[in-house]
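Reader: Could you walk me through this one? I'd like to start with a single residue and work outwards from there.

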Amino acid sequence: MIKNWKTYMYLPVLAVVLVGCAGDDSEQEQDQESNQSTSENGVEEVEGGEAVMAISSDPVDLDPHGSNDGPSTIVRSNIYENLVEQTSDLEIEPHLAESYEQIDDVTWEFILREDVTFHDGESFNAELSKPTLNERSTLMYPIAYFC
């Protein structure tokens with residue numbers, strides 16, 4: 001009987017501790033709601049905030065044409081997107097491009113997706129892609145950086 005009495009005595013203490021730890025999330029929810037909006041395609045957009053990543057070491061360079069170390073590649077893959085991507089079967093498939101075709105030995109034609117916009121709302125187009133492709137073509141091994 002005494003053991004049960006002690007158990008019942010600790011229940012109110014436990015309840016008070018749990019209520020104290022719960023906190024009030026209404027302010028945090030209001031802050032999040034004020035930073036959110038819905039885009040034309042129905043995707044919820046959030047302005048501001050932080051991106052936290054756990055990686056083995058610091059990235060060397062965030063320039064997409066820079067280094068090819070693992071940590072830099074992990075971070076860059078969350079910032080930039082490619083015209084084409086390599087599948088797990090090592091096949092190349094379009095990503096930001098709808099399709100692509102090799103015209104001759106040194107010329108490729110990419111048909112770009114029309115539904116892509118930058119974070120500032122500007123449409124993705126060939127005019128904006130050309131400087132990046134030209135910069136890649138001046139690298140020592142430009143094809144290695146295409147994917």
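Author: Gladly, and please keep in mind that this is a predicted model. Let us begin with Ser-99, which sits in strand E5, a strand covering residues 97–104.

Reader: Is Ser-99 buried, partly exposed or exposed, and why?

Author: Ser-99 counts as partly exposed, because its relative accessibility is 32% and the partly exposed class lies between 20% and 50%.

Reader: And which residues is Ser-99 in contact with, leaving aside neighbours within four places in sequence?

Author: With those neighbours set aside, Ser-99 contacts Pro-94, Glu-109, Phe-110 and Ile-111. As for Ile-111, it lies twelve residues from Ser-99 along the chain, yet the C-alpha atoms of the two are separated by 5.3 Å.

Reader: How do E5 and E6 run, and how many bridges join them?

Author: They run antiparallel, with six bridges joining E5 to E6, the strand of residues 107–112. Together the two strands form a hairpin that has two residues between them, and Glu-101 stands opposite Glu-109 of E6.

Reader: Changing topic, which residues make up the largest nonpolar core?

Author: That core has six residues, namely Leu-83, Leu-96, Ala-97, Leu-112, Val-116 and Phe-124. Not counting residues up to four places away in sequence, Phe-124 touches several residues, among them Leu-83, Leu-96, Leu-112, Arg-113 and Ser-129.

Reader: What about the surface: which residues make the nonpolar patch?

Author: Leu-62, Ile-79 and Tyr-80 make a nonpolar patch of about 270 Å². Tyr-80 is placed in the loop between helix H3 (70–76) and strand E3 (84–86), and with a relative accessibility of 37% it counts as partly exposed.

Note on methods: Residues numbered from 1 in each chain as written. Predicted model: local features only at pLDDT ≥ 70, side-chain atom pairs only at ≥ 80, totals over all residues. Heavy atoms only, no water. Core = buried A, V, L, I, M, F, W, Y, C linked by side-chain atoms within 4.5 Å. Buried < 20%, exposed > 50% of the residue type's maximum accessible area, 1.4 Å probe, protein only. Contact = heavy atoms within 4.5 Å. Patch = residues over 30% accessible without salt bridge, like charges linked within 9 Å, V, L, I, M, F, W, Y side chains within 5 Å. Areas by Shrake-Rupley, 256 points an atom, 1.4 Å probe, with all protein chains shown as cover. Salt bridge = Lys/Arg side-chain N within 4 Å of Asp/Glu carboxyl O. Helix = DSSP H or I, 4+ residues; strand = E, 2+ residues; numbered from the N terminus. Pairing = 2+ DSSP bridges.
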